[in-house]
Amino acid sequence: MADVAIKATNLVKKFRDFVAVDHLSFEVKKGEIFGFLGPNGAGKTTTIRMLCTLSSPTEGSATVAGFDIAHQGNRVREHIGLVSEKMIMYDRLTARENMRLFGELYDIPRDALRERIDKLLQVVNMEKWADHQIGTFSTGMKQRINVIRALLNEPEILFLDEPTLGLDPQSTNEIRDFARSINDDAGTTIILTTHAMAEADMLCDRISIVDYGKIVALDTPSNLKKVITGADTSVIELDVPNITPTLVSDIQSLSCTQTVTVEDETHIKVHASGDESCDNVIDAVRSGAGQIRSIRNVEPTLEDVFLYLTGHEVRAQVADKVTTKEPRSRHGARVQSRIR
Amino acid sequence: MGARSGIRHALWIAWKDLLDISRNRMGLVMLILMPLFMMGMVGYIFPSNSGMSNVPVAIANLDAVQGNASLSTKFVAQLEALNNKTGMMDLSTVGSAADVKSNIQNGQQSAGIIIGSNFTSNLKTGKQADVTIVNDQSNPQTASLIQTQLTQVIQQMGTQTATYGLNQTYKTPLNYSLAQVAPYNVQATGIVPGQTNYFEFVAPGIMGMVVMMSLMTGLPHAISFEREVGTLDGMLAAPVHRMSILGGKVIAQTTRGMMQGIIVLTLSIVLFGVVVQGSIALILGILLLGVFSLVGLGILITSFTSTEETATMIMMTLTFPMMFLSGVFFPISQMPQFMQVIAQFLPLTYAISALRQVVVLGVGVQAISRDIFILFGFGIVLLSAALLAFERAMKR
Ligand SMILES: Nc1ncnc2c1ncn2[C@@H]1O[C@H](COP(=O)(O)OP(=O)(O)OP(=O)(O)O)[C@@H](O)[C@H]1O
Ligand SMILES: [Mg+2]
């Protein structure tokens, strides 16, 4: 048990009749970066909130850093750091004052606290701004302070709930690198939620894909991708300048097709199975008077894995962009049994 | 995590809240502007007797007899002489009764005096002389005050004239003549010497009201807003006892309420001439008890609401009737029975009544021990309820 940072057993959270988290069970190893990947409303934040003792589970139990979330709340809180979806900072306080407040709440001795604040500010290059009010900062600057604020108590486990949401590419990279280095240097276990596939792919040791409050798949990024290739499914991308709805539905009605996604005005991505799948798709496009500029077999990304497992896209809830041949539950169920 | 670190946490949270309040410039300005505005407004709506001065009054002398033989000229001169002493009116002469009317209508004057055309001849032939007081009905409060005052003045002048007449005709001594004309000498006196102005009545009420209003807007911000923007999670995810968070909020809001109360007290003494008869320490003590109850009530409400908007709305809905029912403007004993019953359940009622007794009557602790006891009870009950509700709300 010594190497387990978090163990959740049948966690359930209901809001009235609505089940936001549906019997989640998983284990996070110490020193791991563990990702929760899922669309809006999947229950990622709700799960994190329960693990941080901010909300009590309707059913089930969990231990965090070896302490029970229901009965040893304070012990849990001593060992965790939280970067939540909403920034935990007071706009009218300066960066240093914000950190000072939270440091005091963690009972860090004054001298140690001062040193720690200075060091952390340095790490994220914010010393210059230490005595400016947070309200005057850009989102990227705020988030850097927000993240180091969660590290004040040198937590064993750091929760990052969509830490790069709304940041520009540069700040996003900085935060990701920073998370990586915290994990490398201090061995901090990190729980990361995101719906950015690339982020999960590059950062996480293991990813659990959640949808509708359930874990659909849980494995390393590379193993997750093998789900697709192992299932004899290929991902075909076609460059077709004259996409029409009929064309899309023609491809969709092929027996080998699993999902068809119109990516932009000229690109279609098809998940298809079987040896003949490529030929069949090409035939379908041609007979529908579609012009094929190029066609390639692409490496599956996590996005494809998600689409394959859940039958719907992760980022966009734009229904008309996604056309699913089979009901999503069948896909999900089939693959899940395959993973286990 | 002992009691000491619990208190330390509470103080840090209070420090944070107060720092936040002190950096909100507009909020600080409002801390002073709101009571100023309230007191100014209340003073305007309810003008006090003694505070009435320089009321513009038109006077039309229609007496047929003018010049030396005219008794009306004498009357006017007498009125002016009297007025010079009190400075109550700002008299200006107009030509006709119609002018009086139109001047009041266009707002140039607030009242008018018309001296009848038979004034001199009536008096000389042993009849009563007519003086008409014209009122501005659009401002009933001022009108009734002016009317009372004018009637008094004119009657006083009549008494003087009659006394003088008796003295001249029958050679009776002046004081005996006065006793004949006006046998009753009525005087009113209060419990404390000197004149009370209306501000002394309303100042304690305004103190209670302004403190209540500032708390009822401050609390939703301090609690609901923090929950809404997610910063409360930062404290809840730290090893901090829920009591410390609540304690910090109570300390910060109480400080804010007390500051607001002291500002009102200072303003009413310095700017509005309120004389405090009792002890200032006692006033602050009562204020503190009142603030505890209000903070308790406020936290109770914010705990049951999920957003700052709803919390503020509910607060305002409660504040308004509380303001009127707790005797800020009108004595509770003059209210209808059922309102008096409701008033008994409002902590502010007791705070204001105790404050008023100390400010106006200068009583000590014993005289208001009942109010203090009840306020204490309210404070304990409301704060405990607030703690339970807060505790529950945090676990959602
Ligand atoms: N306090 C609450 N009361 C009622 N429903 C809630 C509450 N909190 C969350 N929910 C619901 O629970 C579901 C899961 O929400 P949650 O915030 O955990 O999703 P998420 O995976 O974090 O999504 P996102 O990517 O948008 O952050 C949503 O449908 C949400 O509406
Ligand atoms: Mg979320």
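Me: Going by its relative accessibility, does A:Glu154 count as buried or exposed?
Reply: This is a predicted model, where local features need pLDDT of at least 70, side-chain atom pairs count only at pLDDT 80 or more, and totals for chains, interfaces and linings use all residues; side-chain values use heavy atoms, leaving out hydrogens and water. Residues are numbered from 1 along each chain as its sequence is written, while chains are lettered from A and ligands numbered from 1 in the order in which they are written. A:Glu154 is found in the loop between α5 and β7 (157-161) of chain A (helices, H or I of at least four residues, and strands, E of at least two, are DSSP runs numbered from the N terminus). Its relative accessibility is 52% (buried means under 20%, exposed over 50%, partly exposed in between, with a 1.4 Å probe and protein chains only), so A:Glu154 counts as exposed.

Me: What is the phi of A:Asn125, roughly?
Reply: A:Asn125 sits in the loop between α4 (110-123) and α5 (139-149) of chain A. At a relative accessible area of 56%, A:Asn125 is exposed. Although it is not a glycine, A:Asn125 has a positive phi of about 65°.

Me: How many helices and strands are there in chain A?
Reply: Let's start with the whole chain: its C-alpha atoms fill a box of roughly 75 × 45 × 35 Å, taken along the principal axes. Of the 340 residues in chain A, 54% are buried. As for the elements you asked about, chain A has 12 helices and 15 strands.

Me: Which residues come nearest to ligand 1?
Reply: There are 14 residues around ligand 1 (a residue is near if one of its heavy atoms lies within 4 Å). By class, this shell has 5 nonpolar, 6 polar and 3 charged residues (Ala, Val, Leu, Ile, Met, Phe, Trp, Tyr, Cys and Pro count as nonpolar, Asp, Glu, Lys and Arg as charged, and the others, Gly among them, as polar). Those that come nearest are A:Gly41, A:Lys44, A:Thr45, A:Thr46 and A:Glu85.

Me: What share of the area that ligand 1 exposes when taken alone does the protein bury?
Reply: Look at the oxygen atoms of ligand 1: one is 2.9 Å from a polar backbone atom of A:Gly43, and a polar side-chain atom of A:Thr45 lies 2.5 Å from an oxygen atom of the ligand. A:Glu162 also has a polar side-chain atom 2.9 Å from an oxygen atom of ligand 1. Ligand 1 taken alone exposes 630 Å² (by the Shrake-Rupley method with a 1.4 Å probe), and the share that the protein buries is 61%.

Me: Which element gives the most residues to the shell around ligand 1?
Reply: One candidate, α1 (44-51) of chain A, is mostly covered, as 6 of its 8 residues are buried. The buried ones are A:Lys44, A:Thr46, A:Thr47, A:Ile48, A:Met50 and A:Leu51. With 3 residues, the element that gives the most to the shell is α1(A).

Me: What are the protein donors of the magnesium ion?
Reply: The magnesium ion is ligand 2, and its protein donors lie 1.8 to 2.2 Å from it (donors are N, O and S atoms within 2.8 Å of the metal, or 3.2 Å for Na, K and Ca; water is not among the atoms, so sites may look incomplete). One donor residue lies in helix α1 of chain A and the other in the loop between β6 (80-83) and α3 (95-105), so the pair ties together parts that are 40 residues apart in sequence. The donors are A:Thr45 (OG1) and A:Glu85 (OE).

Me: How far apart in space are A:Glu32 and A:Lys44, C-alpha to C-alpha?
Reply: A:Glu32 lies in the loop between β2 and β3 (33-37) of chain A, and at 6% relative accessibility this residue counts as buried. In sequence, A:Glu32 and A:Lys44 are 12 residues apart. Their C-alpha distance in space is 18 Å.

Me: Turning to chain B, which residue's side chain makes a polar contact with the side chain of B:Thr172?
Reply: Chain B has a mean pLDDT of 85, and 94% of its residues reach 70 or more (pLDDT is the predictor's confidence in each residue, from 0 to 100). B:Thr172 lies in the loop between α6 (140-170) and α7 (174-181), and it counts as buried at 18% relative accessibility. A polar contact is a pair of N or O atoms within 3.5 Å; within protein, one must be able to donate a hydrogen and the other to accept it, and residues adjacent in sequence count only if both atoms are side-chain atoms. At 2.9 Å, the partner of B:Thr172 is B:Ser177.
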